[in-house]
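Let's walk through how the strands of this model line up with one another. Keep in mind that the model is predicted.

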Amino acid sequence: TSIVSTTALPARQQLQTDELNTVESTNDLAFAVAVKNSGCAQEVGIALTLTIQKSPSPIVKRGRIDLINPGETKTVNFANIGTPPFGERTSLSVEVAPVQGEATTDNNTSEYPVVFSLG
């Protein structure tokens, strides 16, 4: 499995790992994470975790892909984010739990530098 993209919703802003992302925080802020099964076997029960660093405790959301076929891409939406830290640089990370026998896991995690702004 590998992370294809992470998109801030409702603005449909695809986040970049190599630049600072300014994300407008709205009441319906959510994130869509696209995951591809880049292996040769059908996988089930894949766990995903989205984490926004915030003091004193990070915002952690969990999701799941019930079933994904080889070559298929599925999207998991993370909603009800809560109140992110405003006006300061922080990080948003996404992790896809490795599946049994997965040899390449360096594409299972993405980290995005972000600043959340008010609309």
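Start with a single pair of residues: Leu 50 has Val 94, in S8, as its bridge partner. A second contact of this kind puts Ile 52 opposite Leu 92 in S8. Both belong to the pairing of strand S5 (residues 43-52) with strand S8 (residues 89-96), which is antiparallel and spans 5 bridges.

Now look across to the next neighbour of S8. S8 and S9 also run antiparallel, joined by 7 bridges. To find this pairing on screen, pick out Ser 91, which faces Pro 113 in S9, and then Glu 95, which sits opposite Thr 109 in S9. How enclosed is S8 by the rest of the structure? Largely so, because 6 of its 8 residues are buried, where buried means under 20% relative accessible area.

Moving on from S8, strand S9 (residues 109-118) is joined to S3 as well, this time by 5 bridges and with the two strands running parallel. Here Val 23 stands opposite Phe 116 in S9.

Put these pieces together and you get an open sheet of 5 strands, in the order S3-S9-S8-S5-S6, with mixed pairing. What sits at the edges? Strand S3 (21-25) and strand S6 (59-68) do, and each has a single partner strand, so one side of each is left without a neighbour in the sheet. The sheet isn't flat on average either: ignoring direction, its neighbouring strands are turned by 30° against each other.

Terms used. Residues are numbered from 1 along each chain as its sequence is written. This is a predicted model: local features need pLDDT of at least 70, side-chain atom pairs count only at pLDDT 80 or more; totals for chains, interfaces and linings use all residues. Side-chain values use heavy atoms; hydrogens and water are left out. Two strands pair if DSSP finds at least two bridges between them. Helices (H or I, at least four residues) and strands (E, at least two) are DSSP runs, numbered from the N terminus. Axes are lines fitted to C-alpha atoms, for helices over the stretch in contact, and angles run from 0 to 180 degrees between N-to-C directions. Buried means under 20% relative accessible area, exposed over 50%, partly exposed in between (1.4 Å probe, protein chains only).
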